[in-house]
Amino acid sequence: MSATIKDVAKLAGVSVATVSRVLNDLPGYSEETRIRVMNAVAELRYQPNAIARGLVNKRTQTIGVLFPSVSSAFSSEILHGIEEAAQEQGYSVVVCNTAEDGKRTKKYLQVLREKQVDGIIYSSGVLKEEYHQTLQAMAIPVVLVATKSEYADIPYVKVDDHQAAYDACAYLIRRGHRRIAMIGGPAHDVIAGEPRIAGFRAALADHGLPPDEAPVLDGRFIFAGGCEAAEELLRQAPEVTAVFAAGDEMAIGVISTAARLGIAVPAQLSVIGYDNLKLAEMCYPPLTTVAQPLAEMGRLAAAKLIARIETGQPEASEILPHQVMERGTVSTRE
C-alpha cells in the first residue's frame with residue numbers, strides 16, 4: 001500500500017499540517033524539521049497527490065498549451081522552451097493539437113477547463129473573439145506565443161514579423177539580387193501571412209525595386225506547399241534569381257524542387273528561409289534563414305504565465321530580436 005501524508009508525519013514526528021507546509025514550500029518550520037520531513041518522504045517513497053495538494057493551494061500546478069500542429073518542427077522547438085521553464089517551476093504541461101484550422105480549439109479549451117489547469121499558452125493562431133470569451137469565463141491567466149492579439153489583458157511573446165521579412169529581403173538585395181520572389185502564407189493570415197508579405201514589399205520599395213512586380217505565392221507554411229509554389233514560380237518566372245520563403249519548411253521545399261528541376265542552389269537560385277528550425281542546418285546546402293529564438297520564446301511565455309499565476313500581477317508583451325543566419329543557400333550577384 002502506498003504511504004500517506006499521515007505516515008510521513010508519524011515517521012518525522014510532526015503534524016500533517018507541517019508536512020503539507022514543507023511539501024508546498026510554505027514558511028513556519030525549522031531547517032531541522034524540513035530535513036526530517038524530507039528524509040521521511042524519501043524513506044517511505046511518498047508521492048504527493050496532485051489533486052489533494054491542489055485543494056490546499058487552489059492550484060493544480062498544470063498549464064495547458066494549444067498548438068495548431070503539435071508535430072511540426074516549429075511547434076516542437078517552442079514546446080521545448082515551455083516545458084523547460086515549466087519543469088523548473090514545478091509545473092506540468094498538457095499539450096493540445098487544435099489542428100491547422102483551429103476546429104478543435106473550443107473542444108480543447110473545455111478539456112483544459114475540466115482539468116482545472118492554472119493557465120494557458122496559446123500559440124501561432126488567431127485568438128478569435130469566441131475563444132477569448134471562453135478564456136474570460138475560465139478566469140485563468142493566458143499568454144500568447146508566436147502570435148498576438150488586441151486584447152489588453154493578454155500578453156504575447158513574438159518577433160516583429162514585418163521587420164524580419166523586411167530584413168530577409170534587404171539581405172538578398174545587398175547580395176546583388178534584383179529579381180526576387182516570395183513564397184509565404186495566405187495573405188489573409190494577419191499573424192504571419194500579411195505582415196511578412198508587407199515587410200517583403202516594403203524592402204523592395206525602399207530599395208527602388210517595384211514591389212508590385214515581385215511574384216508572391218502562397219506555400220501554406222508547409223513543405224508540400226513550398227514545393228508546389230516553387231514549381232509554379234520557376235515555370236512562370238524563370239528570370240527570378242532569389243526566393244524569400246517565409247518559413248523554413250517552404251524554403252526546403254524550394255531547394256528540393258530546384259534540385260529536381262536541375263537548378264543549382266545557390267549558383268542559379270538563392271534561397272532564404274524564416275524560423276531557423278533544426279532542419280535548416282540538416283538540408284543541403286545548409287539553409288540561410290531568418291532566425292526566430294523559438295525555444296526562448298516558449299521559455300519566456302511560460303515564465304510570464306507562471307509569474308502571473310503565482311502573483312496575480314499583469315505581464316508585459318515582448319518582441320524578441322531576430323537575426324539572419326548566413327549559411328550556404330544565398331550567392332552574390334555582381
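Here is a walk through this protein, from its overall build down to a handful of single residues.

Keep in mind as you look around that this is a predicted model. Start by zooming out. If you draw a box around the C-alpha atoms along the principal axes, it comes to roughly 80 × 40 × 30 Å. Inside that box the chain is arranged into 13 helices and 12 strands. There are 334 residues in the protein, and 49% of them are buried.

How does the chain come together? Take the contacts between residues at least 6 apart in sequence: 69% of these join residues at least 24 apart. On the outside, the protein exposes about 16,200 Å², and 51% of that comes from carbon and sulfur atoms. As for charge, you'll find 33 positive and 40 negative side chains, with the centres of the two sets 6 Å apart.

Now let's go inside. The largest nonpolar core holds 74 residues, and the ones with the most contacts within it are I63, I82, I121, F244 and L269. Helix α8, which runs over residues 161-174, is the top contributor to this core, giving 9 residues. Apart from this core there is another one, made of 17 residues, with C96, L112, V142 and Y156 among them.

I82 is a good one to click on. Setting aside residues up to four places away in sequence, I82 touches I63, V65, F67, V93, I121, G298, R299 and A302. So which of the core's best-connected residues are on that list? Both I63 and I121 are there.

Right next to I63 in the sequence is T62, which belongs to strand β1 (residues 62-67). Is T62 buried or exposed? Its relative accessible area is 15%, and because buried means under 20%, T62 counts as buried. A polar atom of the T62 side chain lies 3.1 Å from the backbone oxygen of T60. Beyond its neighbours within four places in sequence, T62 is in contact with Y91, S92, V94, V117, D118 and G119.

Another threonine worth a visit is T147, sitting in the loop between β4 (142-145) and β5 (156-158). Although T147 is in a loop, it is buried, with a relative accessible area of 1%. What does T147 touch? Not counting residues up to four places away in sequence, the list is Y122, S123, S124, G125, Y156, V157, K158 and I191. With G125 there is a polar link too: a polar atom of the T147 side chain is 2.9 Å from the backbone oxygen of G125.

Next, find Y131 in helix α7, which covers residues 129-138. Y131 has 4% relative accessibility, so it counts as buried. Where the chain folds back on itself, Y131 and T105 are 26 residues apart along the chain, yet 7.7 Å separates their C-alpha atoms.

For a look at the other end of the scale, go to S2, in the segment before α1 (5-12). S2 is exposed, with a relative accessible area of 64%. S2 and I35 are 33 residues apart in sequence, and from C-alpha to C-alpha they are 21 Å apart in space.

Finally, have a look at some backbone oddities. Most residues other than glycine have a negative phi, and most peptide bonds are trans. Where does this model depart from that habit? One place is Q116, whose phi is near 55 degrees, a positive value in a residue other than glycine. Q116 is in the loop between α6 (105-114) and β3 (119-123), and it is exposed, with a relative accessible area of 55%. N276 isn't a glycine either, and it has a positive phi of about 65 degrees; look for N276 in the loop between β9 and α12.

Then come the peptide bonds. The one from V265 to P266 is cis, with omega near 10 degrees, and P266 lies in the loop between α11 (248-260) and β9 (270-275). Y284 and P285 are joined by a cis peptide bond as well, with omega about -5 degrees. You'll find P285 in the loop between α12 (279-282) and β10 (288-291).

Key: Residues are numbered from 1 along each chain as its sequence is written. This is a predicted model: local features need pLDDT of at least 70, side-chain atom pairs count only at pLDDT 80 or more; totals for chains, interfaces and linings use all residues. Side-chain values use heavy atoms; hydrogens and water are left out. Helices (H or I, at least four residues) and strands (E, at least two) are DSSP runs, numbered from the N terminus. Buried means under 20% relative accessible area, exposed over 50%, partly exposed in between (1.4 Å probe, protein chains only). Contact means heavy atoms within 4.5 Å. Accessible areas come from the Shrake-Rupley method with a 1.4 Å probe; for residues, only the protein chains shown count as cover. Lys and Arg count as positive and Asp and Glu as negative; His and the chain ends are not counted. The place of a charge is taken as NZ of Lys, CZ of Arg, CG of Asp or CD of Glu. A nonpolar core is a set of buried Ala, Val, Leu, Ile, Met, Phe, Trp, Tyr and Cys residues joined through side-chain atoms within 4.5 Å. A polar contact is a pair of N or O atoms within 3.5 Å; within protein, one must be able to donate a hydrogen and the other to accept it, and residues adjacent in sequence count only if both atoms are side-chain atoms.
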